[in-house]
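Me: I'm new to reading protein models and would like to go through this one with you. Could we take it piece by piece?

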Amino acid sequence: MRYCGLFLVLGLVAAMGISRAADLPPRESYQRPADIPSPPSNPLTIEKVTLGKTLFFDPRLSRDGAMSCATCHSPNMRWSDGRVLPLKADGVPNARRTPTVLNSAWLNALMWDGRAASLEAQAVLPITTAHEMNFEMPLLLDRLKEVAGYQPLFTQAFGDAEITPKRVTQALASFQRTLVSKTAPFDRWVAGDENAISENAKRGFALFEGKANCVSCHKSWRFTEDAFHDIGLESLDPGRGAKVPSQLVLMQHAFKTPSLRDLPKNGPFMHDGSMHSLEEVIKHYEQGGVQRESLSQEMKPFELSDVERAYLIDFIHTLDGGPLDMEFPNLPE
Ligand code: HEC
Ligand code: HEC
């Protein structure tokens with residue numbers, strides 16, 4: 001099936017006589033994958049997903065019982081929170097904007113600076129971080145054990161009712177892996193439907209791969225190559241620079257390239273939530289960013305006309321498949 005689709009697309013591209021420059025990614029590199037990946041140590045099962053979804057929406061995972069994962073990763077906000085900086089416990093600064101958890105099954109470096117290596121490892125961090133859920137794993141386990149309704153959910157997912165940190169994080173990871181962008185107009189175009197996106201959006205895509213050179217970092221069906229760059233924002237946050245040896249100049253102020261799928265209309269965008277429209281984002285790239293030693297070598301100034309900028313925005317809008325259909329779980333008593 002997978003290969004049939006691929007050859008169909010290649011065939012169509014050939015039939016349409018579209019020739020692509022040798023150094024551009026081939027059109028099929030934008031094809032959506034057929035399956036959701038999961039690690040052998042935590043294969044995806046419906047029962048784990050059900051448990052994970054319940055935990056994700058349950059505010060009892062925070063110390064004061066007021067904050068769930070979904071408080072900051074809300075289905076109504078494209079799995080982020082619509083805020084420049086997230087809610088926080090009094091007085092504790094939280095300097096980075098909440099990223100989406102959509103398509104997180106494909107992440108191999110998590111957090112803006114890549115400090116977590118898997119969804120399983122990441123899930124402990126928000127629960128125990130002071131300015132987030134501010135809880136402790138042993139206390140959380142005690143609390144969950146007192147909720148009788150969790151016992152059947154753990155039994156169905158793991159074979160018995162034992163509640164362990166590993167099981168909590170495996171279930172949360174499993175649920176998040178099922179949050180996958182819906183098919184967007186761009187996907188239908190890649191699959192061969194010429195009318196799925198407008199002529200202006202196609203011009204925008206040509207700019208994206210051409211003069212604007214967005215594609216040097218925003219690659220693949222998720223529109224990221226999962227690497228870290230300093231794109232020259234004013235923010236003084238060292239980003240990945242604080243995590244890796246400081247002789248790696250290019251990692252100073254470097255943050256993970258985010259996906260461009262299903263972006264919220266007016267952002268906020270960037271790790272510091274400093275931008276509020278795609279127009280503002282594109283003008284930043286045109287201008288080339290703050291000149292400093294760590295600035296990515298791919299950040300070269302260029303100029304777009306107002307019309308070209310509008311084409312590029314039309315293209316980015318074709319990456320929007322709309323919100324996921326999500327029913328809120330009943331929280332167990
Ligand atoms: C107070 C708001 C808040 C809460 C609550 C919260 N998160 Fe987050 N989440 C964030 C922020 C902010 C980041 C980015 C932090 C950074 O990179 O330094 C993040 C990052 C993530 C990431 C990494 C995404 C990526 O692109 O790298 C995942 C996955 C995630 N959170 C899952 C969860 C889960 C699971 C829970 C519940 C156990 C949760 N979050 C609770 C704010 C929150
Ligand atoms: C050098 C690599 C690179 C290039 C080139 C690049 N980007 Fe980015 N992009 C990034 C990184 C890294 C971030 C996050 C930066 C941060 O928050 O510090 C980002 C963030 C964004 C965001 C915000 C997404 C969000 O969720 O906050 C948008 C939109 C975006 N880029 C669009 C574009 C467009 C359009 C172009 C071409 C004009 C482009 N990018 C070129 C690496 C790049």
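Reply: Sure, and one term comes first: a polar contact is a pair of N or O atoms within 3.5 Å, and inside a protein one of them must be able to donate a hydrogen and the other to accept it. Keep in mind too that this is a predicted model.

Me: Okay, which residue's side chain does Asp-113 join by a polar contact of 3.0 Å?

Reply: Start with where Asp-113 sits: in the loop between α3 and α4. A pair of N or O atoms has to be within 3.5 Å to count. At 3.0 Å, the side chain of Asp-113 has such a contact with that of Arg-115.

Me: Is Asp-113 buried or exposed?

Reply: Asp-113 has quite some company, touching Arg-96, Phe-228, Gly-239, Arg-240 and Lys-243, and that leaves out residues up to four places away in sequence. The cut-off for buried is under 20% relative accessible area. Asp-113 has 2%, so the word for it is buried.

Me: Let's go to ligand 1. Which protein residue is the single donor to its iron atom?

Reply: Look in the loop between α3 (69-72) and α4 (119-122). A residue there places its NE2 atom 2.1 Å from the iron, and a donor has to be within 2.8 Å. The protein's single donor to the iron atom of ligand 1 is His-73.

Me: How many nonpolar residues are in the shell around ligand 1?

Reply: There are 26 residues around ligand 1, with Cys-69, Cys-72, His-73, Met-111 and Lys-256 coming nearest. Helices α3, α4 and α5 (124-128) each supply at least two residues of that shell. Sorted by class, the shell has 6 polar and 5 charged residues, and its nonpolar ones number 15.

Me: And how far is an N or O atom in the side chain of Arg-115 from an oxygen atom of ligand 1?

Reply: Arg-115 is the partner of Asp-113 from before. Another arginine, Arg-96, has a polar side-chain atom 3.4 Å from an oxygen atom of ligand 1. For the side chain of Arg-115, the distance to an oxygen atom of ligand 1 is 3.0 Å.

Me: On to ligand 2. Which residues are the protein donors of its iron atom?

Reply: The donor atoms are an NE2 and an OH, lying 1.9 to 2.1 Å from the iron. They belong to a pair that links distant parts of the chain, 67 residues apart: one partner is in the loop between α10 (199-209) and β1 (228-229), the other in helix α11 (residues 278-287). In that order, the donors are His-218 and Tyr-285.

Me: What is the geometry of that iron site?

Reply: Six octahedral donors would ideally make angles of 90 or 180 degrees. Here the iron atom of ligand 2 has 6 donor atoms, with angles of 84 to 179 degrees among them. To count as octahedral, opposite donors must be over 155 degrees apart and all others between 65 and 115. The site of the iron atom of ligand 2 is octahedral.

Me: Of His-218 and Tyr-285, which one is partly exposed?

Reply: The dividing line is 20%, since buried means under that value. His-218 is buried, with a relative accessible area of 8%. At 23%, the partly exposed one is Tyr-285.

Me: Which element gives the largest share of the shell around ligand 2?

Reply: The 27 residues around ligand 2 include Cys-214, Cys-217, His-218, His-271 and Tyr-285 as the nearest. Both β2 (255-256) and α11 supply at least two residues of this shell. The largest share is 3 residues, and it comes from α11.

Me: Last one: which side chain does the side chain of Asp-187 make a polar contact with?

Reply: Asp-187 lies in helix α9 (residues 185-190) and is buried, because its relative accessible area is 8%. Beyond its neighbours within four places in sequence, Asp-187 is in contact with Arg-32, Lys-182 and Arg-261. The polar contact from its side chain, at 3.2 Å, goes to the side chain of Arg-32.

Note on methods:
Residues numbered from 1 in each chain as written. Chains lettered and ligands numbered in written order. Predicted model: local features only at pLDDT ≥ 70, side-chain atom pairs only at ≥ 80, totals over all residues. Heavy atoms only, no water. Donors = N, O, S within 2.8 Å, 3.2 Å for Na, K, Ca; no water. Helix = DSSP H or I, 4+ residues; strand = E, 2+ residues; numbered from the N terminus. Buried < 20%, exposed > 50% of the residue type's maximum accessible area, 1.4 Å probe, protein only. Contact = heavy atoms within 4.5 Å. Near = heavy atom within 4 Å. Nonpolar A, V, L, I, M, F, W, Y, C, P; charged D, E, K, R; others polar. Tetrahedral: all angles 85-135°; square planar, octahedral: opposite > 155°, others 65-115°.
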